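Could you walk me through the salt bridges of this model, one selection at a time? I have it open in a viewer and would like to know what to pick next.

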Amino acid sequence: MAMAAAFRREGRRFVSPQPITAVRSSLIPEDHAPLGVRSISTQVVRNRMKSVKNIQKITKAMKMVAASKLRLIQTRAENSRGLWQPFTALLGDAPSVDVKKNVIVTVSSDKGLCGGINSTAVKISRAFNKLTLGPEKETKYVILGEKAKAQLIRDSKKNIAICMTELQRNPVNYTQVSVLADDILKNVEYDALRIVFNKFESVVSFLPTMATVLSPEVVEREAESVGRLGDLDSYEIEGGETKGEILQNLAEFQFSCVLFNAVMESACSEQGARMSAMDSSSRNAGDMLDRLTLTYNRSLSLFLSVSLPFSFSLCMHTHSRNLTLP
């Protein structure tokens, strides 16, 4: 009887009258957690590791999708450069021409997760708008793409003439872009069209570019003032059409070709930038996963070093209480 009373007194020493408030690991039940142990919950770290692994899988998949789309668009973008380059030699390229009515055509993407490619085009459009401000001058925006629309509508809503989105939802061909260019020319008055886009150079590099398409009246005026704007004067005009009518047809065809090239170059730059951004995200997710794994291992080792001696003492105490004296 005396020995049983001694066991009961020793058992009361293992019971704490105060509630347990320490942070415990989820690997053991709450009533068996050691007192005074403060560590990161291993369950929280495991959940975080699982989330990072899922994000890494998504970014890797998006990189592969962007790479496949890039291979399809890159050849078309390079081939489209041959459409508008002859117009530069024929009509000239005069980005510094001072005109009264400027129309800035900003080409962007409809989706994000592609770095700062859309912000670059918007910054150039805003900067050129500030340069052309002045008395008796007017500047309008024609926006292609949801991302440029979301940024320019904040401070230039009254200057937006036309806004078109979801242009690249399906593969774009020259016929669709020519119809789009015809709608723009019918709904805006212009002396110069400034097409702002990102020219594709490589997967990790793109060049912000602005192409200029002048109206026939401005072309004739500049040709008379400068003397020779392009190689058009070196050709003879045959047929019943006048030089003004030929310039009108050439200006419309030039704008459709430049716009088609701008759409192709922007789409190619978008996929290259998204591929690069997803590759960086995948590597960052891998680095974060390594740090979380290290944290998980440290937390688990700390928990085991504290809980195992306590569990052994608790088992010994339980076994001693179950002893029966003869």
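Select Arg-126 to begin: this residue is partly exposed, with a relative accessible area of 26%. Keep in mind as you go that the model is predicted. Now add Asp-155 to the selection, and you will see its side chain meet that of Arg-126 in a salt bridge, at 3.5 Å from N to O. Asp-155 belongs to helix 4 (residues 146–155) and Arg-126 to helix 3 (residues 117–131), so this contact ties together parts that are 29 residues apart in sequence.

Next, pick Lys-101 and Glu-189. Their closest N and O atoms are 2.8 Å apart, and the two residues form a salt bridge. Lys-101 sits in strand 1 (residues 101–107), while Glu-189 is in the loop between helix 5 (174–187) and strand 4 (192–202), so the pair links parts 88 residues apart in sequence. Try colouring by accessibility here: Lys-101 is partly exposed at 29%, whereas Glu-189 is exposed at 60%.

Then move to helix 7 (residues 243–321) and select Asp-279 and Arg-283, which are four residues apart and so separated by about one helical turn. Their side chains form a salt bridge too, at 3.3 Å from N to O. Both count as partly exposed, with relative accessibilities of 24% for Asp-279 and 47% for Arg-283. Keep these two selected and add Lys-63: salt bridges with shared partners join Lys-63, Asp-279 and Arg-283 into one network.

To finish, how many salt bridges are there by this rule? The count comes to ten.

Note on methods
Residues numbered from 1 in each chain as written. Predicted model: local features only at pLDDT ≥ 70, side-chain atom pairs only at ≥ 80, totals over all residues. Heavy atoms only, no water. Salt bridge = Lys/Arg side-chain N within 4 Å of Asp/Glu carboxyl O. Helix = DSSP H or I, 4+ residues; strand = E, 2+ residues; numbered from the N terminus. Buried < 20%, exposed > 50% of the residue type's maximum accessible area, 1.4 Å probe, protein only.
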